[in-house]
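Okay, thanks everyone, let's get going. I'll put the structure up and then walk you through the bits I picked out.

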Amino acid sequence: MARLDVHSQVIRVYRHCLQSAARCPSLEQRNMMKAYVRMSFEHSKIHLTSEKQIADGLARGEEQVERMNYYHTIYAEKQRISAEQLSHAKSRPLVCSSCVAAYPSASSKFCSECGLRREP
């Protein structure tokens, strides 16, 4: 590997790690992940000396970025689904408009007392 090529790869992986850390939901998690990334790269700078070690370190770094991005994707999807369910539950009436009986659950489609179809 050419030294300049390795340097640009390291900078690219480092930048992707910091970008992924910035996507953490809470400020405390973001700061902790950024500190972890910095410490990992500082440790690698000192302890990875051969080209093979550096290549292995880059591969591990890229794998960790992929895992962090996967986590962020799953977390964002989970948040989106929760928000949809919450807005859907809030928009539906909680009691039957005909007999004023409470629906047994948020997903009930019919009133258990009079059988009237629940409004969407």
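So, let me start with a histidine: His72 is buried, at a relative accessible area of 5%. Just so we're clear, this is a predicted model, and everything I quote is computed from it. Where does His72 sit? It's in helix H3, which covers residues 51–91. And what does His72 touch, once you drop its neighbours within four places in sequence? You get Ser20, Arg23 and Cys24.

Hold on to Ser20, since that takes us to H1. Helix H1 runs over residues 3–22, so to speak, with 20 residues in total. From first C-alpha to last, H1 reaches 29 Å, close to the 28 Å you'd expect at 1.5 Å a residue. Which residues of H1 are buried? They are Val6, Val13, Cys17, Ser20 and Ala21. Look down the axis of H1 and those buried residues fall within an arc of 105°, so they line one face of the helix.

Now, who does H1 pack against? One partner is helix H2, residues 27–47: the two axes are 8 Å apart, at an angle of about 165°. The cut-off for calling a pair roughly antiparallel is over 145 degrees, and H1 and H2 are therefore roughly antiparallel to each other. The crossing of H1 past H2 is right-handed. On the H1 side, the contact is made by Val10, Val13, Tyr14, Cys17, Leu18, Ala21 and Ala22. From H2 you have Arg30, Met33, Lys34, Val37, Arg38 and Phe41. Val13, Cys17 and Ala21 are in that contact list, and they're also among the buried residues of H1.

Let me zoom in on Met33, over in H2. Not counting residues up to four places away in sequence, Met33 touches Ala21, Cys24 and Met68. Cys24 should ring a bell, as it's also one of the contacts of His72. For a distance in that region, the C-alpha atoms of Met33 and Tyr75 are separated by 16 Å, and the two residues are 42 apart along the chain.

Back to H3 for two alanines. Ala55 lies in H3, and at 27% relative accessibility it counts as partly exposed. C-alpha to C-alpha, Ala55 is 9.6 Å from Gln9, with their positions 46 residues apart in sequence. Then there's Ala76, in H3 as well, and partly exposed at 44% relative accessibility. How far is Ala76 from Pro25 in space? Their C-alpha atoms are separated by 9.3 Å, and along the chain they're 51 residues apart.

Last stop, the segment after H3. Cys111 is in there, and it's buried, with a relative accessible area of 5%. Which residues is Cys111 in contact with, leaving aside neighbours within four places in sequence? Cys96, Cys99, Ala101, Tyr103 and Leu116. Between Cys111 and Val95 the C-alpha separation is 8.3 Å, and they're 16 residues apart along the chain.

Val100 is found in that segment after H3 too. Is Val100 buried or exposed? Exposed, with a relative accessible area of 60%. The backbone is what I'd like you to look at: phi of Val100 is near 60°, a positive value in a residue other than glycine. As background, most residues other than glycine have a negative phi.

That's my tour, so over to you for questions.

Technical notes:
Residues are numbered from 1 along each chain as its sequence is written. This is a predicted model: local features need pLDDT of at least 70, side-chain atom pairs count only at pLDDT 80 or more; totals for chains, interfaces and linings use all residues. Side-chain values use heavy atoms; hydrogens and water are left out. Helices (H or I, at least four residues) and strands (E, at least two) are DSSP runs, numbered from the N terminus. The expected span of a helix is 1.5 Å times one less than its number of residues. Buried means under 20% relative accessible area, exposed over 50%, partly exposed in between (1.4 Å probe, protein chains only). The arc is that of the directions from the helix axis to the C-beta atoms. Contact means heavy atoms within 4.5 Å. Axes are lines fitted to C-alpha atoms, for helices over the stretch in contact, and angles run from 0 to 180 degrees between N-to-C directions. Angles under 35 degrees count as roughly parallel, over 145 as roughly antiparallel, 65 to 115 as roughly perpendicular and the rest as oblique. A crossing is left-handed if the near helix is turned anticlockwise from the far one by less than a right angle, and right-handed if clockwise.
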